[in-house]
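Open the structure in your viewer and keep the sequence panel visible. The tour below goes from one selection to the next.

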Amino acid sequence: CARLGLPSATTPDTMQTGSINTTVTDAVDPSDWEVVRQTIAADPDHRTPQSLAWQNPRTGSYGTLDAATGEQRSGGVCRVFTTTVNDLRGVRRYRGEACQPSGSTWQLTGIVAADKTLL
């Protein structure tokens with residue numbers, strides 16, 4: 001999943017966000033990305049595309065996450081996804097990728113604004 005070439009993110013909470021582009025995601029609370037990660041991780045069937053709702057009671061943010069079918073890669077499985085983030089700043093769309101290395105937890109490995117290109 002390192003193929004995206006995005007810098008690592010540091011967040012105030014202990015999260016498994018992987019590498020996300022913090023200049024794109026600064027406008028989104030880090031705990032919202034953690035809820036997105038947990039939503040992907042909680043989906044037991046990564047073999048079919050899913051549309052999932054997420055909500056962060058801590059911030060009041062919510063959205064819809066559309067995750068593609070998981071793709072087996074060397075070292076684990078990855079899913080491309082799109083999500084909306086609805087918060088006090090309005091509604092924004094993002095695209096990203098989440099990967100689950102073998103024997104590990106799901107991590108967000110890339111997030112960009114929907115009008116940008118994943119590297």
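What follows is a walk through a predicted model, one selection at a time.

**Stop 1: strand β2**

Select residues 62–67, which make up strand β2. Which side chains of this strand are buried? G63, L65 and A67 point to one face and are buried. Y62, T64 and D66 point to the other face and are not buried, so the side chains alternate along the strand.

**Stop 2: the partner on one side, β1**

Add residues 50–55, strand β1, to the selection. β1 and β2 run antiparallel and are joined by six bridges. To find one of the pairings, pick Q55: its bridge partner in β2 is Y62. Now show the turn. Six residues lie between the two strands of this hairpin, and G60, in the turn, has a positive phi of about 85°.

**Stop 3: another partner, β4**

Next select residues 76–87, strand β4. How many bridges pair β2 with β4? There are four, and the pairing is antiparallel. A67 of β2 has F81 as its bridge partner in β4.

**Stop 4: T84**

Stay on β4 and select T84, which is in this strand. Is T84 buried or exposed? Its relative accessible area is 11%; because buried means under 20%, T84 counts as buried. Display the side chain and look for the backbone nitrogen of T64, which the T84 side chain reaches at 2.9 Å. Then show the residues in contact with T84. Leaving out residues up to four places away in sequence, T84 touches W54, Y62, G63, T64, V91, R92 and R93. Of these, Y62, G63 and T64 belong to β2, already on screen.

**Stop 5: the disulfide**

Select C78 and C99 and show their sulfur atoms. The structure holds one disulfide, and this is the pair that forms it, with an S to S distance of 2.0 Å. The link is right-handed, with 110° about the S-S bond. Where in the chain do the two cysteines sit? C78 is in strand β4 and C99 is in strand β5, residues 90–101. They are 21 residues apart, and the pair links distant parts of the chain. Both C78 and C99 are buried.

**Stop 6: D115**

Finish with D115, in the segment after β6 (107–113). Its relative accessibility is 65%; the cut-off for exposed is over 50%, so D115 counts as exposed. For a last distance, mark the C-alpha atoms of D115 and Y94: they are separated by 8.1 Å, while the two residues are 21 residues apart along the chain.

How values were computed: Residues are numbered from 1 along each chain as its sequence is written. This is a predicted model: local features need pLDDT of at least 70, side-chain atom pairs count only at pLDDT 80 or more; totals for chains, interfaces and linings use all residues. Side-chain values use heavy atoms; hydrogens and water are left out. Buried means under 20% relative accessible area, exposed over 50%, partly exposed in between (1.4 Å probe, protein chains only). Two strands pair if DSSP finds at least two bridges between them. A polar contact is a pair of N or O atoms within 3.5 Å; within protein, one must be able to donate a hydrogen and the other to accept it, and residues adjacent in sequence count only if both atoms are side-chain atoms. Contact means heavy atoms within 4.5 Å. A disulfide is a pair of cysteine sulfur atoms within 2.5 Å.
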